[in-house]
Amino acid sequence: MALSSKRTRDKIQQALYDISHTLLSAENLSELAKVIQEKLDPILNTKNFFLALCDKEDDTISFPYFADQRDQLVTVSAEESLTGHLIRGGISLLLTGEEIEEMVHAGEVVVHGSIPKAFLGVPLKAKKETVGALVVQSYTDKMAYNKEDLQILNSVSSQLGLFMEHKQVEQALRSSEKRLRSLYENVPSGIYQTTPSGKFIAVNQALVRMFGYDSAEELLTADAHDLYLNIADRDHYRGELEKKGRISGVELVLKRKDGRPLTVLEHAYVIRDEKGNTLYYEGILTDISERVRMEQLQQALHRIAVAGHTAPSLPALFNKAKEQLAPFLRWEDSFIALYSKENDTLSLLDVNDQFRAFPAGKSLTAYVVRKGEMVLLSHEEIEHMIDVGEIEATGATPQTWLGIPLRADADIIGILVLRDYNNEEAFPEEDLTVLELIGRQIGLSIGYREAQEALQNSQERYHSIFVASIDGVLVFDLDGRIVDANPAACKMYGYTGDELVGLPAEKLVHPDYFHGFSNFRQHVERNGRFLANSVNLRKDGTQFDIELRGTRFSYHGQPHLLSIITDTTERARAQKALEDSKQKIERLCEITQRLETSNAVQDVYNITIEAAEKILNFSLASLDIVEAGKLIVKATSSELPSGASREAKLEQGGLAGETYRSGKTTIFGSMDEVPIAAPTRKEFSSGISAPIGDIGVFQVVSTKPDAFTEEDAHLLNLLLSHTYEAMKRINLEQQLREQAIRDPLTGVYNRRYFTQVIEREITRSKRYDHGIAFLMVDIDRFKEINDRFGHQTGDRVLQQTAKLLEAQLRDVDVVIRYGGDEFLLVLPETTDGETDTVKERITKAIAHQNKENKLIDFPITVSIGTACWRPKGSESMEEVLARADRRMYAEKEEKEK
């Protein structure tokens, strides 16, 4: 078609002008493309005309506008199509049907639909990037288009690209304005503008809720100055604001509409006119009342934990707990009861701070023990339980009764009971988690206190080593007075035990040989031990030669000096026994100190084996711990014989199993004495099998018959008592650490732990250039679950979901309870593509679980949003999490349509 005449040029200019004018008013691409087709029709063939856009993520081409006499396309693959070929090349194409067929035969393109006689396509570019194409084609005339037509279409394409850029900017601006409005209204912090005189100009809904007003209009009529609890604070911070222009991170105590205090964190700045005059103040208030309350509660719980270490007795610990928790609990109608599972009794403190025990029976407190979980009951519920015989009445029935189990390890050791005789809503739902945390801390502190008392009992048993020794053993305090003596020492000196205790060292030493106890102590402190020959005096004044060995010694947790005295008149007969006993005692003392400072369970196992090697002569020692009904070997003195198993069922554990069940130590001189023993080698002859408290068994064997004595058994039992106490201490400390980073309801990690782990994972990710994937998981219809079935059912759904999520992840992955019904899954070294697999696995697991769901009458489902952080990417961690959150909410909204 010739376009050289003036009339034709005018038509082209008019068409391009009309298209350009339409760009200013068109609402969308489809509308604009239709106008372009109509305006170009008088000057080139546009009967078959379409606009194509490329989606690079999916590698597909869509058609916002498609007008064709033969075909109708929706989407095609960008990789194979002729239009995709044009877009990838970024250059215009003017082709005949024969040329297109040649490209098809050469495998360059695949044609979707009919092959035209003539094809004219130009790239569509926005911001210098090819985003699509503008195409016309003819099925009847292979000469339908020429190079001048190509120029016209290119001109139109350029204008269309500018339109798209403009629309993108316009859309971004609208989105930004919408987000700003949404942020102002929905941000959890209160935002305000006030005049210097205290008149509110603007407030958001968060501020209205924070101060307890009914509406923004009501708050706008209030005087901002009247919201200060202390008027001096108002004057001070207003002065600071005027002087500095802004204040940041200031903690204030304000007051709500009802007069109750409100602790906030304020950030504010002055808005001034061009002359520097103050127009108004603008600021943000964050309600930190609950945070401050929780900080105070945490401090109180910490002091209770410290009291668990320092309180001289359980009554003192109870009183300390009441003192610390007085700001949080009403103790006048509350008490703590200890529970004995062995006797099924409850113990209460009487007026003299003595425990009074009585049968648990069918009391409400015993009901909590049977339930094994926190119990909250109303007056009506208690009366009903009494009527049906589930519990027995004990005094007046309160309006509200709350019982919280106190646990040490997994066992219930007591109950914290709170009662209110006037208020039916004394313990609101939001306080129950805090109360449960208080109960857990008190339980741990009581457990630790009981462990300390058990340790004290263990230290008392330690005295048995003195009884077993054939040498005289004296324990001196640092002032030189005897605090303990064994029977051998009493016999040696001719005193009774009571007569020896309290005597100064100078009473036992001949004056010619006594050089002062301070010299003895300094020598021990400087060299670690002391060795000397001396002459001592018996009670009747007779002299006898002795050899004295002294060393440092921890007695009841305090530093003392241990003296081992040998009557050298019988040296020939007793020398070997003396040396053995002395070495065992010293080694045991050293090991005890190491156990008391050990922080890892495996270290305790290894130290125990090492200690046994130092105090006993054996061929093989094995330390077994009972886990899940099995005896599992945790440490040995040497490699187990070939074919020996490292674990066995408790009922098949032979002598070890019997030792664990009975809790008694067995010494045997030959295998014939213990028919149930199953030695791993036939050469083994004698040995000792001793319990490690209620957690395991320690066994030593020797190839020699009668290799062990009662003294050996005493020493081993003493060692194992310290092993047991060290393990309980470590486990207790681990529980306290876990408590700080675990969500108390679901058992998964909390957001505090997330802030710790994410810093570590970011460092590793940057080092190895691996991504970190995040899955934001939210339980659908969770509010409906709470409203219809109650919060306890909602809690069970949360617990069930948390366990399911953990089961679908790797050991290195982390599940975080991120919000009320929201979980965050952290997947190190994971890409975007791999998150789809995890998401699908979780969805399938939930669907399978729903087959057996008996909690609610509709399937439990979750919405999941995924995002990946890359070390070399431009997004911050907060932006990545926000992206995952948006995707999760988009999926939730899609389900609700």
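A residue counts as buried when its relative accessible area is under 20%. The model shown in these views is predicted.

**View 1. Two phenylalanines of helix α17 form a buried, tilted pair**.
F517 and F520 both belong to helix α17, which spans residues 517–527. Three residues separate them, about one turn of the helix. Both F517 and F520 are buried. Their ring centres lie 5.5 Å apart and their planes meet at 55°, so the pair is tilted. F517 and F520 are also part of one aromatic cluster, together with F476 and F530.

**View 2. Helix α17 has buried residues on one side**.
F517, F520 and V524 are buried in α17. They cover an arc of only 60° around the axis, and therefore sit on the same side of α17. What lies over these buried residues? The cover of the buried residues of α17 includes four strands: β18 (472–476), β20 (529–537), β21 and β22 (558–567). G528 comes after α17, and its phi is positive, near 90°.

**View 3. Y493 and F544 meet edge-to-face**.
The whole structure holds eleven aromatic pairs. One of them joins Y493 and F544. The centres of these rings are 5.5 Å apart, with 65° between the planes. Y493 is in helix α15 (residues 487–493), while F544 is in strand β21 (residues 543–555). The pair thus links distant parts of the chain, 51 residues apart. Are the two partners buried or exposed? Y493 is buried, because its relative accessibility is 1%. F544 is buried too, at a relative accessible area of 4%.

**View 4. Two arginines sit over tyrosine rings**.
The charged end of R742 sits over the ring of Y749. Its distance from the ring centre is 3.8 Å. R751 places its charged end over the ring of Y818. Here the distance from the centre is 3.9 Å.

**View 5. Strands β30 and β31 form a hairpin**.
β30 covers residues 814–817, and β31 covers residues 822–828. The two strands run antiparallel and are joined by four bridges. Four residues make the hairpin connection between β30 and β31. V814 has V826 of β31 as its bridge partner. Which way do the residues of β30 point? V814 and I816 point one way, and V815 and R817 point the other way. All of these residues are buried.

**View 6. Six strands make an open sheet**.
The strand order is β14-β13-β12-β17-β16-β15, with antiparallel pairing. Which strands are at the edges? The edge strands are β14 (355–359) and β15 (375–378), and each pairs on one side only. From one strand to the next, the twist averages 25°. Within the sheet, β12 (residues 334–340) and β13 (residues 345–349) run antiparallel and are joined by three bridges. S340 stands opposite T345 of β13.

**View 7. Helix α11 packs on the six-stranded sheet**.
α11 consists of residues 364–371. It touches β12, β13, β15, β16 (400–408) and β17 (411–420). The direction of α11 makes about 135° with that of β17.

**View 8. T835 is buried in helix α25**.
Helix α25 runs over residues 832–850 and contains T835. T835 has a relative accessible area of 0%, so it is buried. Which residues does T835 contact, leaving aside its neighbours within four places in sequence? They are A773, L775, T830 and T866.

**View 9. D59 and R781 have positive phi values**.
Most residues other than glycine have a negative phi. D59 has a positive phi, near 55°. It is found in the loop between β1 (49–55) and β2 (60–67). D59 is partly exposed, because its relative accessible area is 34%. R781 also has a positive phi, of about 60°, although it is not a glycine. The place of R781 is the loop between β29 (772–779) and α23 (782–789). R781 counts as partly exposed, at 43% relative accessibility.

How values were computed
Residues are numbered from 1 along each chain as its sequence is written. This is a predicted model: local features need pLDDT of at least 70, side-chain atom pairs count only at pLDDT 80 or more; totals for chains, interfaces and linings use all residues. Side-chain values use heavy atoms; hydrogens and water are left out. Buried means under 20% relative accessible area, exposed over 50%, partly exposed in between (1.4 Å probe, protein chains only). Rings of Phe, Tyr and Trp (its six-membered ring) pair if their centres lie within 6.5 Å; planes under 30 degrees apart count as stacked, over 60 as edge-to-face and the rest as tilted. A charge sits over a ring if NZ of Lys or CZ of Arg is within 6 Å of the ring centre and within 35 degrees of the ring normal. Two strands pair if DSSP finds at least two bridges between them. The arc is that of the directions from the helix axis to the C-beta atoms. Contact means heavy atoms within 4.5 Å. Axes are lines fitted to C-alpha atoms, for helices over the stretch in contact, and angles run from 0 to 180 degrees between N-to-C directions.
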